[in-house]
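Me: I am new to this structure and would like a close look at a single part of it. Could you take me through one helix, its packing partner and the pockets beside them?

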Amino acid sequence: MHAKARPADLLTWYDRHARALPWRTGPAQRSKGVRPDPYRVWLSEVMLQQTTVITVIPYFERFTTLWPTVTDLAMAEDTQVMGEWAGLGYYARARNALKCARAVVADHAGQFPEQREALLNLPGIGPYTAAAIAAIAFDRPEVVVDGNIERVMARLLNDPTPLPKAKPGLTRAAAALTPDHRPGDYAQAVMDLGATVCTPKSPNCGICPWHTPCLARAAGTQAGLPRKTAKKSKPTRLGIAYVMRRSDGALLLERRPDKGLLGGMLGWPGSEWNEAPTPAPPVVADWQVLPEEARHTFTHFHLRLRIMLAQVGLDAQPKTGKFIAYQNFNRSELPTVMRKVFDLSHDALENMTYTAPKRSPL
Ligand code: SF4
């Protein structure tokens, strides 16, 4: 029965097996009185929303090198921050992170508030992130529930209710276990247990500190929990991306509007993304279609992008975007879908030659 699962057993396990993460103040340091840096805790939690630890680490290290404090980040140029975020996905997070850093500086004298309610008022901080920051950075006994923790709770309880219906019950179970003693370490300990032992497909129950009280382990049902309500299949949208090179090598790129998908990111000009996109070439040119499409999956839909290529003269006047000299073009500033377009186009672009349009002899 889950009520017999003891936080103390998990904390003992955590003291020995805590993951070393660049944003983490480990249990040994914490026991010596070292306090976590709320800025690093916040930044890691924002980056980890929808993204894996292994992907986040190099981004986190680069951000904290460039902007070691929340005040440094608040003063950063939007375009530089968006460029550094490129590839991490879910770009609204980057825009909200900047807004949040600026609000912390403007409204809280550069110090993150400690209370969950005050954290919730900051841009980009939802209930999970507010609870995680309050627990991890300020050692408050907040109930932190993410997908990992739901999985551990569903297994401790052997709860067959599918998600998302099971959420309230799993949150109550998590709340009943959250201790007043070392709540910050406890929150990270459950995260680590879910990430390293109670993993989705093959939980390693033999080394689990909650092996004895776990009902799913006793029933042999752990690998099938938590159950999930079948997801609706995602629709597919189509689009056209225009990759244009000027005869001096410059590439035509445009910054997407701040609001909406990939907001504020650099990309290739293109059509709308829908079931039947209307061609929208940025300039009249001898466009050639690439045989391969770029495919990408967003949260709510799959995208198939037809890629059109053209080389134009120095006098080209596109109706959208801006030419960027080839030596200033940085592939890593593109979001992943736009990188895929570039990677597919690269060889064909290299082989293209520019033919000036014929003019009538007058
Ligand atoms: S005993 Fe197994 S299923 Fe239960 S919490 Fe531990 S790892 Fe997860």
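Reply: Happy to! A good place to begin is the second largest pocket of this predicted model, where helix H7 (residues 92-108) provides the largest share of the lining, three residues. Strand E5 (294-297) and helix H14 (336-351) also supply at least two residues each. The pocket holds about 420 Å³ of space. Its lining counts 23 residues, and those closest to the centre are Gly89, Tyr90, Tyr91, Phe298 and Thr299. By class, 10 lining residues are nonpolar, 11 are polar and two are charged.

Now follow H7 to its partner, helix H3 (residues 38-48): their axes come within 10 Å and cross at roughly 160°. Because of that angle, H3 is roughly antiparallel to H7. The crossing of H3 and H7 is right-handed. From H3, the residues making the contact are Trp42, Val46, Met47 and Leu48, while H7 brings Arg93, Ala97, Cys100 and Ala101. Seven of these contact residues are nonpolar, none is polar and one is charged.

H3 leads on to the largest pocket, which has a volume of about 1200 Å³. Leu48, part of the contact with H7, is also among the residues closest to this pocket's centre, along with Gln49, Gln50, Thr51 and Gly147. With four residues, H3 gives the most to the lining. Helices H9 (127-138), H10 (147-157) and H12 (183-196) each add at least two residues. The 33 lining residues divide into 12 nonpolar, 12 polar and nine charged.

Terms used:
Residues are numbered from 1 along each chain as its sequence is written. This is a predicted model: local features need pLDDT of at least 70, side-chain atom pairs count only at pLDDT 80 or more; totals for chains, interfaces and linings use all residues. Side-chain values use heavy atoms; hydrogens and water are left out. Axes are lines fitted to C-alpha atoms, for helices over the stretch in contact, and angles run from 0 to 180 degrees between N-to-C directions. Angles under 35 degrees count as roughly parallel, over 145 as roughly antiparallel, 65 to 115 as roughly perpendicular and the rest as oblique. A crossing is left-handed if the near helix is turned anticlockwise from the far one by less than a right angle, and right-handed if clockwise. Contact means heavy atoms within 4.5 Å. Ala, Val, Leu, Ile, Met, Phe, Trp, Tyr, Cys and Pro count as nonpolar, Asp, Glu, Lys and Arg as charged, and the others, Gly among them, as polar. On a 1 Å grid over the protein atoms alone, a cavity is a set of points where a 1.4 Å probe fits but cannot get out, and a pocket is an open set with protein on both sides within 12 Å along at least five of seven lines; lining residues have an atom within 4 Å of a point. Grid points are joined across faces, edges and corners, and a volume is the space filled by probe spheres set on the points.
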